Amino acid sequence: MKNQKTVTLVQAAMIAAIYVVLVYLFNYWSFGVIQFRIAEALTILPYFTPAAIPGLFVGCFLANLLSGALVGDVVFGALATLIGAVGTYFAGKARIKWLAPVPPIVANTLIVPFVLKYCYGTEEAIPYMMLTVGIGEILVCAVCGGLLFVIVEKNRKYLFG
């Protein structure tokens, strides 16, 4: 018999590690107000397991911290990912598949532009940055995350028991 707490901890740690690795592998894909963080595709995982919530939060926090992001970015970027992950978890509880990528898209679209403006002094207008961040989030969370969703759904019993 598996110890569920251990399984959950291991799953969360693996998701955090994968998030950090994806940020490092694809970090050059984000350019200021153009945000395209491929690791955000993982934000569909809370639909399948609650272990993904702390995994994504810790992964984003560590990725931001280790990449030299400013403190506000480390904190609020991770909080945006956490809010999105919790929303996706509730979409999973409700069994509403199409809703899975929406919470991280909304959370990041609303929070990241303020991080860019007030932490990094980006001069673009907040609505413009909401548009650019939102487009990047749609591409990563809905398109890439959607493909990942299909793969995970077909292999759910092997991945999450």
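Is C141 buried or exposed in this structure? C141 is buried, and its relative accessible area is 0%. The model discussed here is a predicted one, and the protein in it is built from six helices and zero strands. Its radius of gyration is 15 Å, close to the 15 Å that the globule rule gives for 161 residues, so the protein is as compact as a globular protein of that length.

**Overall form and surface**

- Read from the N terminus on, the elements follow the order α-α-α-α-α-α, and the C-alpha atoms fill a box of roughly 55 × 30 × 25 Å when the principal axes are used as the frame.
- Of the 161 residues of the protein, 43% count as buried, while the accessible surface comes to about 8,500 Å², with 74% of that area belonging to carbon and sulfur atoms.
- When contacts between residues at least 6 apart in sequence are considered, 68% of them join residues that are at least 24 apart.
- The protein carries 10 positive and 6 negative charges, and the mean positions of these two sets lie 21 Å apart.

**Cysteines**

- The structure holds zero disulfides, and C60 is accordingly in no disulfide, the nearest cysteine sulfur being that of C141 at 11 Å.
- A disulfide is a covalent bond between the sulfur atoms of two cysteines.
- For C141, the closest cysteine sulfur is in C144, and the separation of 8.9 Å is too far for a bond, given that a disulfide requires sulfur atoms within 2.5 Å.
- C60 is buried with a relative accessible area of 2%, and C141 is likewise buried, at 0%.

**Helix α3 (residues 71-93)**

- T88 is found in helix α3, which spans residues 71-93, and T88 counts as buried because its relative accessible area is 0%, where the cut-off for buried is under 20%.
- Once residues up to four places away in sequence are set aside, T88 touches T43, I44, P46 and Y47 as well as A100, P103 and P104.
- T81 also has its place in helix α3, where T81 is buried with a relative accessible area of 1%.
- Not counting residues up to four places away in sequence, the residues that T81 touches are Y19, E40, T43, L56, C60 and N108, and of these C60 is itself buried.
- D73 is another residue found in helix α3, and at 17% relative accessibility D73 counts as buried, because the cut-off is under 20%.
- Leaving aside neighbours within four places in sequence, D73 is in contact with N64, A78, V115, C119 and Y120.
- The C-alpha atoms of D73 and A13 are separated by 22 Å, the two residues being 60 residues apart along the chain.

**Helix α2 (residues 52-66)**

- F61 lies in helix α2, which covers residues 52-66, and at 31% relative accessibility F61 counts as partly exposed, because this value falls between the 20% and 50% cut-offs.
- Apart from neighbours within four places in sequence, F61 is in contact with V74 and A78, and A78 is also among the contacts of D73.
- F61 and Y19 are 42 residues apart in sequence, yet their C-alpha atoms are 9.9 Å apart in space; Y19 is also one of the residues that T81 touches.

Conventions. Residues numbered from 1 in each chain as written. Predicted model: local features only at pLDDT ≥ 70, side-chain atom pairs only at ≥ 80, totals over all residues. Heavy atoms only, no water. Helix = DSSP H or I, 4+ residues; strand = E, 2+ residues; numbered from the N terminus. Rg over C-alpha atoms; globule rule 2.2 N^0.38 Å. Buried < 20%, exposed > 50% of the residue type's maximum accessible area, 1.4 Å probe, protein only. Contact = heavy atoms within 4.5 Å. Areas by Shrake-Rupley, 256 points an atom, 1.4 Å probe, with all protein chains shown as cover. Lys, Arg positive; Asp, Glu negative; His and termini not counted. Charge placed at Lys NZ, Arg CZ, Asp CG, Glu CD.
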